[in-house]
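Open the model in your viewer and keep the sequence panel beside it. The stops below each begin with something to select.

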Amino acid sequence: MFDERLRAAKVTILAPLAKRYSGIHPLQLTSAAFAVGLLAAATAAVGNYWAALLLWLLNRLLDGLDGEVARLTGKQSDWGGYLDIVCDFVVYALVPFALAWSLNSPGALFAVAFLLVTFYVNSGSWLYMSALIEKRRGYGETSIQEKTLTSIQIPTGLIEGTETIIFYSLFLLLPAYAPYLMVLMAFLVIITIFQRLSWAESQLHDG
């Protein structure tokens with residue numbers, strides 16, 4: 001919901017860091033972000049929530065930095081974008097699962113299962129939608145005008161990257177309330193799914 005509005009601020013914040021670390025290959029930053037994300041999940045699993053929170057935020061910083069460095073140095077690639085999103089999905093799944101594991105309650109396990117199911121449906125829907133958009137562009141259709149700095153086209157929705165950072169940070173900051181927050185986030189993801197279904201119907205409908 002806020003990603004597009006905050007994009008300029010994100011670039012402003014990350015640009016000086018990107019210049020400073022422009023000698024590092026973007027894929028090295030992607031790998032570092034992934035390793036830090038795994039550490040965040042591991043520390044959450046053993047109940048060290050403050051360390052997990054700091055590692056999660058560092059993961060998000062590095063995840064944003066790799067793209068900025070790639071753009072600054074002209075090293076953007078489809079492989080880099082693909083690897084980045086795969087690593088993101090792994091971290092997005094492991095962090096709440098590790099937290100639920102540490103809480104060791106049926107309610108927490110149900111909440112994380114519900115959340116990950118909605119993630120699965122949401123991700124599958126917009127990934128296939130992105131493929132259809134690219135196919136139509138290949139056929140010369142120009143009705144879809146949205147532009148993005150990411151590697152693939154993602155229609156806006158209620159839950160995007162910014163909201164995910166906020167919710168995951170709250171999970172780790174308030175672990176006793178994490179199951180309730182996970183269920184809340186899951187319902188918001190469901191709304192996002194319907195938003196994107198509506199967008200797809202208007203943009204991709206053939207008749």
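## A tour by selection

Start with the whole chain, shown as a cartoon. This is a predicted model. The protein has 7 helices and 0 strands, and along the sequence the pattern reads α-α-α-α-α-α-α. Of its 207 residues, 40% count as buried. Among contacts with a separation of 6 or more, 80% are between residues 24 or more positions apart. Switch on the surface: the protein exposes about 11,300 Å², and carbon and sulfur atoms supply 68% of that area.

**Helix 3 and its end.** Select residues 49-73, which are helix 3. Helix 3 has 25 residues, and the distance from its first C-alpha to its last is 36 Å, close to the 36 Å expected at 1.5 Å a residue. Now add G74, which follows helix 3 and has a positive phi, near 70 degrees.

**Helix 4.** Next, select residues 78-103, the range of helix 4. Helix 4 has 26 residues and reaches 38 Å from first C-alpha to last, close to the 38 Å expected at 1.5 Å a residue. Which residues of helix 4 are buried? They are G80, G81, D84, C87, D88, V91, Y92, V95, P96, A98, L99 and A100. Colour these separately before moving on.

**The nonpolar patch.** Keep helix 4 on screen and select L38, W79, Y82, V86, V90 and L94, which form a nonpolar patch on the surface. Together these residues have about 530 Å² of accessible area. Helix 4 gives the most to the patch, with 5 residues. Centre on Y82, which sits in helix 4. Y82 counts as exposed because its relative accessibility is 52%, and the cut-off for exposed is over 50%.

**After helix 4.** Move to N104, which follows helix 4 and lies in the loop between helix 4 and helix 5. N104 is not a glycine, yet its phi is positive, about 50 degrees. Is N104 buried or exposed? N104 is exposed, with a relative accessible area of 64%.

**A stacked pair in helix 5.** Select residues 106-138, which make up helix 5, and show the side chains of F110 and F114. The structure holds 9 aromatic pairs. F110 and F114 form one that is stacked, at 6.1 Å centre to centre with 25 degrees between the planes. Why can these two rings face each other along one helix? F110 and F114 are 4 residues apart in helix 5, so about one helical turn separates them. An α-helix has 3.6 residues a turn, so residues three or four places apart point the same way. The two differ in cover: F110 is exposed, at 55% relative accessible area, whereas F114 is partly exposed, at 21%.

**A buried position in helix 5.** Stay on helix 5 and select N122, which is placed there. N122 is buried, with a relative accessible area of 9%. Show what surrounds this side chain: leaving out residues up to four places away in sequence, N122 touches V189, T192, I193 and R196.

**The aromatic cluster.** For the last stop, select W56, Y92, F167, Y168 and F171, which ring pairs link into a cluster. Y92 has appeared before, among the buried residues of helix 4.

Key. Residues numbered from 1 in each chain as written. Heavy atoms only, no water. Phe/Tyr/Trp six-rings, centres within 6.5 Å; stacked < 30°, edge-to-face > 60°. Buried < 20%, exposed > 50% of the residue type's maximum accessible area, 1.4 Å probe, protein only. Patch = residues over 30% accessible without salt bridge, like charges linked within 9 Å, V, L, I, M, F, W, Y side chains within 5 Å. Areas by Shrake-Rupley, 256 points an atom, 1.4 Å probe, with all protein chains shown as cover. Salt bridge = Lys/Arg side-chain N within 4 Å of Asp/Glu carboxyl O. Expected span 1.5 Å × (residues − 1). Contact = heavy atoms within 4.5 Å.
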